[in-house]
Amino acid sequence: MKKIGKLYGIGVGPGDPELLTLKAVRILREADVVAIPKSKEESDSIALSIVKGAVDLSSKETLELMFPMTKDKEVLRKAREEAALSITERLKAGKDVACITLGDPMFYSTFSYLIPLVRERLPKVGIEIVPGISSVMASAALTVTPLTEADERIAVIPATYESEKLKDILRDFDTVVLMKVNRVFDKILGLLEELGLKENAVFIERCGGKNQRVVNSLDSLKGEKLDYLSMVIVKRGS
Ligand SMILES: C[S@@+](CC[C@H](N)C(=O)[O-])C[C@H]1O[C@@H](n2cnc3c(N)ncnc32)[C@H](O)[C@@H]1O
C-alpha cells in the first residue's frame, strides 16, 4: 500500500523571521508542499513572507488555500472543504504538507478547522503541530508588558464581542487582550474611557513586522483605518 504523507501545522510567529523556531525551519525545508492559507483580500501572505526570510522555497510546491473574510457559514464551509481536499490529494500522493500559520496554529487559526476535515478523508493521517510565538506573547514582549503576575487572571478575546460582555470581562480580569480590534476600535476606545481604563491600554500593530507600531495614546487613533494585525492590551492594575 502506498504511504501517505504527513500533515504539519507550522506556527511561523508574528512577523520577524528570527522568531521562527528551529523546528519550524527544519520541517519547512524538508516538506514537499508548503500550504499557505490566504484571504482573498490579501495580495501577499504575511506568513509566507516570514517563511521566505528563513527558508528557500524555490524548489517546493506552494499551495495557496483561499479563505474569504466572511462570517457566512456556507461560504466558509465550502472554502474549508476545498482547502482540505487540496491538502488530502497531496497527502494521498505521499507528499508531506506543511501548512503555515501566523503566530501559533492552535490559537485563533484557520488551520485548526482543517484538521477534522482532513481526518474525515484520511483517518490514519499523521498530524504534527509545531507551536509558534503567538502575537499575544510577541506584543507583550515588544511593549515590555508582563501579562500576568502571581495570582492575576488574563482574558484573551475578540474585540468584536458585544459591549456588555466586553465590559464585564474588562471589569473581571487583571489583564485583557483584545484581538481583532481594527474594525471596532472606536467602540473599544469608548468602553475603555467609560471604565477609566484608557490610560492602562496599549495598541500594537503588525508586531514583529518591519512596520510594527506601538501607540500608548489611544485617542490619537480615533477614526483611523487600522490594520487587521492589531490588538490592544489592557492592564487593570497598572
Ligand atoms: C486570526 S487571529 C490569529 C492569531 C495567531 N494565530 C497568533 O497566534 O497570533 C488574528 C488576530 O491576531 C492578532 N495578530 C496576529 N498577528 C499580529 C501581529 N503581528 N501584530 C498584532 N496583532 C496580531 C490580531 O488581533 C489579529 O486580528
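The centres of domain 1 and domain 2, taken over C-alpha atoms, lie 27 Å apart. The model is predicted. Domain 1 covers residues 7-130, and domain 2 covers residues 135-235. Contact between the two involves 7 residues of domain 1 and 8 residues of domain 2. On the domain 1 side, the touching residues comprise 3 nonpolar, 3 polar and 1 charged.

The ligand was examined next. A shell of 22 residues surrounds the ligand. The closest are G103, S134, S135, M179 and C207. Two elements, α5 (135-142) and β10 (230-235), each give two or more residues to this shell. By class, the shell divides into 10 nonpolar, 9 polar and 3 charged residues. Both domain 1 (7-130) and domain 2 (135-235) give residues to the shell, so the ligand lies between them.

The packing of two helices, α3 and α4, was also analysed. Helix α3 spans residues 73-92, and helix α4 spans residues 111-121. Their axes are 9 Å apart and the helices pack at an angle of about 55°. Helix α3 is therefore oblique to α4, because the angle falls neither under 35 degrees, nor over 145, nor within 65 to 115. The crossing of α3 past α4 is right-handed.

Named residues define the contact of these helices. Helix α3 contributes R80, E81, A83, A84, I87 and T88. These meet Y113, L114, L117, V118 and R121 in α4. By class, the contact of α3 with α4 has 7 nonpolar residues, 1 polar residue and 3 charged residues. Among the nonpolar residues are A83, A84 and I87 of α3, together with L114, L117 and V118 of α4. The charged residues are R80 and E81 in α3 and R121 in α4. T88 of α3 is the polar residue.

Key
Residues numbered from 1 in each chain as written. Predicted model: local features only at pLDDT ≥ 70, side-chain atom pairs only at ≥ 80, totals over all residues. Near = placed C-beta within 6 Å. Helix = DSSP H or I, 4+ residues; strand = E, 2+ residues; numbered from the N terminus. Domains from an automatic or database assignment. Axes fitted to C-alpha atoms, helices over the stretch in contact; angles between N-to-C directions. Left-handed = near helix turned anticlockwise from the far one by under 90°.
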